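Here is a short report on one protein chain. Keep the structure open while reading.

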Amino acid sequence: TSFGTVPSREVIHILENAGYEAVFVGGAVRDHLLGKTATDIDIATSAEPKEVKAVFPTTVDIGTAHGTILVLMNGEPIEVTTYRTEGTYTDHRRPDEVHFVKSLQEDLRRRDFTINALAMTKDGELIDLFGGKADMAERIIRAVGNAADRFNEDALRMFRAIRFTAVLGFDIEEQTLKAIRDNATQIRYISVERLKAEMDKLFAGDYVVKAFHNIQNTGLNLHLPLFPTDTEKLNRTVPFESAVEGWACFMIVGNFSPSDVARAYKLSNVERTFLSTVKDAYVNRMDYQFTLDDYYNYDLATLITAEKLIRSIHANGEAISFTEIKKMKQSLPIQSIADLSVDGKKLMEWTSQKGGRWIGEWIGKIEQAVLHGTCKNDPNDIKEWFLYEFNREK
Ligand code: ATP
Ligand code: MG
């Protein structure tokens, strides 16, 4: 079986012709063996960055110091990284320096987990030096080498292990799990930005509940910027469409405010605003069902996320299908104030009065009357209703 895209195989072919070794590595190989389509394709090579640059006409430096060159092949960007080992880690985050090496084995040894330490030739031949294939068959996440040492080097790996349980549904191997427990405090060395990026990926997984429990069982929760104390509440069965839905769930399970979550994990303003609206919609939905005003005030994504949270968390209320929500929303007499068949000018004409604050107030009343079916969204109907109410209030 061939692997990778035509341009990526061409990159390997050209490097080999120039006398270097080159193979596919990392997540793409792992995902291929799992029958998933790989997202980003990474190539590892014995060629040093300057040698890679010399072989291809179009390259972009994206991390020469760390050995990574972006090669543009028939318009496709492909990351090519020189075989390397990492020096000492004094800050538990990043190697103090990297050394380029000539052997693939040395490069694979510095990778985090056995399932991520697989390589594949351009002809689809698997190179498995650390038992990654067997661990994949057993659905196990196992550190390459001594787990505690590996987590001491880079504490983020502990969180990556958890993230892979969320995405793959695998279990963490016993020694690896113990090492996470023993070294959990070190997660404090990792920046919020990197934790956020891992959490975003975690939320895309089908096994978020499992990952949440793992975070709690290992004690990592105690050293994260913020984490729900009672993950037992989470009973999720509906996949999240986006990471921000996951963050909304995180907020509700933890009983946090939108700003708590946003501050702790440096969420973007867009994400923070979404959390606020979803929380409001969720609270309304918790009362019983969405009201007509809820259907009108919240956009479809907010309503669906709120409903998803109801289903994900042990909570009262009977589930409504997403199609039902969509139908309810579409069947509203108006979708927004812009849909009203009258405007302020009409009100001035009908009453022979000058403009002023009263117009906005009355447009609001008309909006409510139309939404709740008191009158149809028809200029004649509205005129009749409006003039009656208007004169009555005078
Ligand atoms: P994803 O599907 O999220 O891209 P991935 O495994 O490809 O998952 P990347 O961050 O793209 O993750 O990293 C590519 C490869 O680099 C990994 O498969 C792994 O071999 C290695 N790697 C990444 N991060 C680390 C780390 N912190 N420590 C050791 N090796 C790592
Ligand atoms: Mg990747």
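The domain assignment splits the protein chain into four: domain 1 (1-138), domain 2 (139-224), domain 3 (235-332) and domain 4 (338-393). The model is predicted.

**Domain 2 against domain 3**

Over C-alpha atoms, the centres of domain 2 and domain 3 lie 27 Å apart. Contact between the two involves eleven residues of domain 2 and seven residues of domain 3. On the domain 2 side, α9 (192-203) and α10 (208-218) are the elements that give two or more residues. Helix α9 supplies the largest share of that side, with seven residues. By class, the domain 2 side holds seven nonpolar and four charged residues, and no polar ones.

**The seven-stranded sheet**

The strands of one open sheet follow the order β3-β4-β5-β2-β1-β8-β9. Pairing in this sheet is mixed. Its edges are β3 (59-63) and β9 (126-128), each of which pairs on one side only. Direction ignored, neighbouring strands are turned against each other by 35 degrees on average.

Four of the pairings are set out below.

| Strand pair | Sense | Bridges |
|---|---|---|
| β4 (68-73) and β5 (76-82) | antiparallel | six |
| β2 and β5 | parallel | four |
| β1 and β2 | antiparallel | four |
| β1 and β8 (118-120) | antiparallel | two |

Individual bridge partners let the reader walk across the sheet. Start in β4: Thr68 has Thr81 of β5 as its bridge partner. Helix α1 (residues 6-17) packs on this sheet, where the helix touches β1 (22-25), β2 (42-45), β4 and β5. The direction of α1 makes about 40 degrees with that of β5.

Next comes the parallel pair. Ile43 stands opposite Val80 in β5. Ile43 of β2 also has a partner in the antiparallel pair, for Phe24 stands opposite Ile43. Phe24 in turn stands opposite Met120 in β8. A further match between β1 and β2 sets Val25 opposite Asp42.

Which residues of β1 point one way, and which the other? Ala22 and Phe24 point to one side, Val23 and Val25 to the other. All four of these residues are buried.

**Val52 and its surroundings**

Val52 belongs to helix α3 (residues 49-55). Is this residue buried or exposed? Val52 has 27 C-beta neighbours inside 10 Å, so it counts as buried; the cut-off for a buried residue is 20 or more. Setting aside neighbours within four places in sequence, Val52 is in contact with Thr45, Ala47, Thr59, Ile69 and Val80. Val80 is the residue of β5 that Ile43 stands opposite. Val71 lies 19 residues from Val52 along the chain, yet the C-alpha atoms of the two are separated by 8.5 Å.

**Helix α15**

Helix α15 covers residues 300-312. Does its length fit or miss the expected span? Its 13 residues, at 1.5 Å a residue, should span 18 Å; the end C-alpha atoms are 18 Å apart, so the two agree.

The helix is mostly covered, with ten of its 13 residues buried. The buried set consists of Thr302, Leu303, Ile304, Thr305, Ala306, Glu307, Lys308, Leu309, Ile310 and Ser312. What covers them includes α11, α13 (269-287) and α16 (322-330).

**Two positive phi angles**

Most residues other than glycine have a negative phi. Two residues here depart from that pattern.

His92 is not a glycine, but its phi is positive, at about 60 degrees. His92 sits in the loop between β6 (84-86) and β7 (98-100). With 17 other C-beta atoms within 10 Å, His92 is partly exposed. Its count falls between the cut-offs: 20 or more would make a residue buried, and 12 or fewer exposed.

Asn255 also has a positive phi, of about 55 degrees, and is not a glycine either. Its place is the loop between α11 (243-254) and α12 (258-265). How many C-beta neighbours does Asn255 have inside 10 Å? There are 11, so Asn255 counts as exposed.

Technical notes:
Residues numbered from 1 in each chain as written. Chains lettered and ligands numbered in written order. Predicted model: local features only at pLDDT ≥ 70, side-chain atom pairs only at ≥ 80, totals over all residues. Expected span 1.5 Å × (residues − 1). Domains from an automatic or database assignment. Nonpolar A, V, L, I, M, F, W, Y, C, P; charged D, E, K, R; others polar. Pairing = 2+ DSSP bridges. Axes fitted to C-alpha atoms, helices over the stretch in contact; angles between N-to-C directions.
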